[in-house]
Amino acid sequence: MAKFFGNLNAVMIVSLLLTVAVMLGLHPGEVTANSVMRWAHLFFGVLWIGLLYYFNFVQVPQMPNIPDEAKPAVSKHIAPAALFYFRWAALFTVITGLLVAYLSGYVHQAMVLQGPYRMIGVGMWIAIIMAANVWFIIWPNQKKVLGIVEADADAKAAAGKMAMMASRTNTLLSLPMFYTMISFNGG
């Protein structure tokens, strides 16, 4: 068992197979592209926001407490891996959310904040803004901070501040986004 649980890929494959078995076993004939997209949207959203909260509640506040000789372990190994999953989870959360809205028939109404779809539309726009922060502010600046892209000390410091402000903006926006997502009962 230790060998199995030590292999994240194997665990995720078995988890996916178990999910398919639960879907088909509990709702035979009711599994649709929409239900699969809803499930995928939830998975990617949990991964994305979980990592956002990890960065904001754990990694960033603890970095000053880490001895200088141990910091490369975070900046060269942990942070780049976490940022990989973070940015792709953000993108796939938005894509699967848009697909859910499309498959449910309200993507246009939500995007233009029309009528009963205003609530989910606001949430969708917040998520799009948050994902844009990830891809166009946080990630480019983190590449400088982590030394993936060459930058002098002043540029790294400025990039770190910019990435942190965008990340904290996403943390700020996450709660209103959750509210709109949970409060919308259509589709």
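**Exercise 1.** Which residues does Leucine 83 touch, not counting residues up to four places away in sequence?

*Solution.* Start with the ground rules: this is a predicted model, where local features need pLDDT of at least 70, side-chain atom pairs count only at pLDDT 80 or more, and totals for chains, interfaces and linings use all residues. Residues are numbered from 1 along each chain as its sequence is written, and side-chain values use heavy atoms, with hydrogens and water left out.

Next, look for contacts (heavy atoms within 4.5 Å). Leucine 83 touches Phe55, Ile138, Trp139, Gln142 and Leu146.

**Exercise 2.** Find the largest nonpolar core and the helices that build it.

*Solution.* A nonpolar core is a set of buried Ala, Val, Leu, Ile, Met, Phe, Trp, Tyr and Cys residues joined through side-chain atoms within 4.5 Å; buried means under 20% relative accessible area with a 1.4 Å probe, protein chains only. The largest such core holds 23 residues, and Trp48, Leu83, Phe86 and Met130 have the most contacts inside it. Two or more residues each come from helix 3 (33-62), helix 4 (71-104), helix 6 (118-145) and helix 7 (153-183). A second, separate core has 7 residues, including Ala101, Tyr106, Ile120 and Met124.

**Exercise 3.** Describe the whole protein.

*Solution.* First, count elements: there are 7 helices and 0 strands, with helices being DSSP runs of H or I of at least four residues and strands runs of E of at least two, numbered from the N terminus. Then take the box: the C-alpha atoms fill roughly 55 × 50 × 25 Å along the principal axes. Finally, 29% of the 187 residues count as buried.

Technical notes: Buried < 20%, exposed > 50% of the residue type's maximum accessible area, 1.4 Å probe, protein only.
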